[in-house]
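Good morning, and thank you for making room for me. Please bring up the model on the shared screen, and I will then talk through a few of its features.

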Amino acid sequence: MVERAFHNEPPCAHCEPSETVTDLSALLATSSGRRWLRLTILPQLSPTAAAELAEQLLAFREDFFVERRDRSTWLVIQQLNRTVLLEHLDWLASSNAALALWERLAREGLSTLVTAALRVLRRATPPARETMLTLLVADPTREVVLPKWAERALLMVALVDPDDVVRGLAAETAAARQPELLLPTWHARVRDRSPRVRRAAWAVALARRSEAVPAARQLVSDEEAPALVRADVLWALGQILSTAELAPLLAACIQHPARELAEMAAQLLWTQHRHPLPAQAALRSPHAAVQALGERLLHPQHGSPAAGGARPGMPLPLV
């Protein structure tokens, strides 16, 4: 059926007439031939013949590798038999045709879409799970917009995903759009293995739980806690405390022997909370990069006035 639909055309503009390929197996044997089939033949076929050819093209998974920026694979997704499409759902969810996959399932109904997305979360590879979550939930410019209950269902599963990247993406998305999903378990999540989860949990807790601020301050000062955990807490406090409130903590952390904690304090000092106290403390840091930042902020000609330095053109102090 598919063969009868062929026209005697070459698979690419560079082919000589003597090189014209009309045999289906020969076309399927090369990437350029398969691309020609997707772009030229598929749109001309009847639905039955198109589904048959699409299934044959689906067998060449290398054409669907995400590294290949080729939207002609989307045409295969559009023409596949629904049963065949769902049989290959798990790997297609991480392919270069993933968006086409979810757009087609969305057209077939919300129930079909959500069921398929939950199946990917439970069975597919971490890249497939991350891609699905990005395309359907996390991306603010996403093509398929789910109702809140459907987003919630996907996020609840993704928040306990064993993969740090997937779990971190879910936590960041929940913090921004459904923070109530993080609040009941924030005490556990702030010690999660993923820094993205820790930061998201602290951001939600500090904004909505009065007991979270003293708990965060205590954890920053806890020498038994891992430096990376303390650094994430410091970052979270930097998003809600004033510069005057945060300055003593920054001054203590910026001199800490743990590089992760000192560099986080330096980052907050430089980007959000310029103050003379931590700037001067940076000069006593055991880390060269932190010392250099303190020197720059306190430079008498080129430093930051907010951190105690000066700049050319500033008025001279009165004597």
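What covers the buried residues of α2? Before I answer, a caution: this is a predicted model, in which local features need pLDDT of at least 70 and side-chain atom pairs count only at pLDDT 80 or more, while totals for chains, interfaces and linings use all residues. Residues are numbered from 1 along each chain as its sequence is written, and side-chain values use heavy atoms, with hydrogens and water left out.

Now to the answer: the cover includes α1 (24–28), α3 and α4, where a contact means heavy atoms within 4.5 Å. The helix in question, α2, runs over residues 31–41, and its buried residues are G33, R34, W36, L37, R38 and I41. By buried I mean under 20% relative accessible area, with exposed being over 50% and partly exposed in between, using a 1.4 Å probe and protein chains only. Helices here are DSSP runs of H or I with at least four residues, strands are runs of E with at least two, and both are numbered from the N terminus.

Just before α1 comes the segment that holds D23, which is partly exposed at 41% relative accessibility. From D23 to E55 the C-alpha distance is 17 Å, across 32 residues of sequence. In the loop between α3 (47–58) and α4 (73–79) we find F65, also partly exposed, at 45% relative accessibility. The C-alpha atoms of F65 and W91 are 9.8 Å apart, with the two positions 26 residues apart along the chain.

Further along is α14, residues 212–220, in which A212, A216, L219 and V220 are buried. Viewed down the helix axis, these buried residues fall within an arc of 100°, so they line one face of α14; the arc is that of the directions from the helix axis to the C-beta atoms. Their cover includes α12 (186–189), α13 (195–208), α15 (227–238) and α16 (243–253).

Finally, the chain as a whole has 19 helices and 0 strands. Its radius of gyration is 28 Å, well over the 20 Å that the globule rule gives for 319 residues, so the chain is more spread out than a compact globule; the radius is taken over C-alpha atoms, and the rule is 2.2 Å times the number of residues to the power 0.38. The C-alpha trace spans about 95 × 50 × 35 Å along its principal axes, and 46% of the 319 residues are buried.
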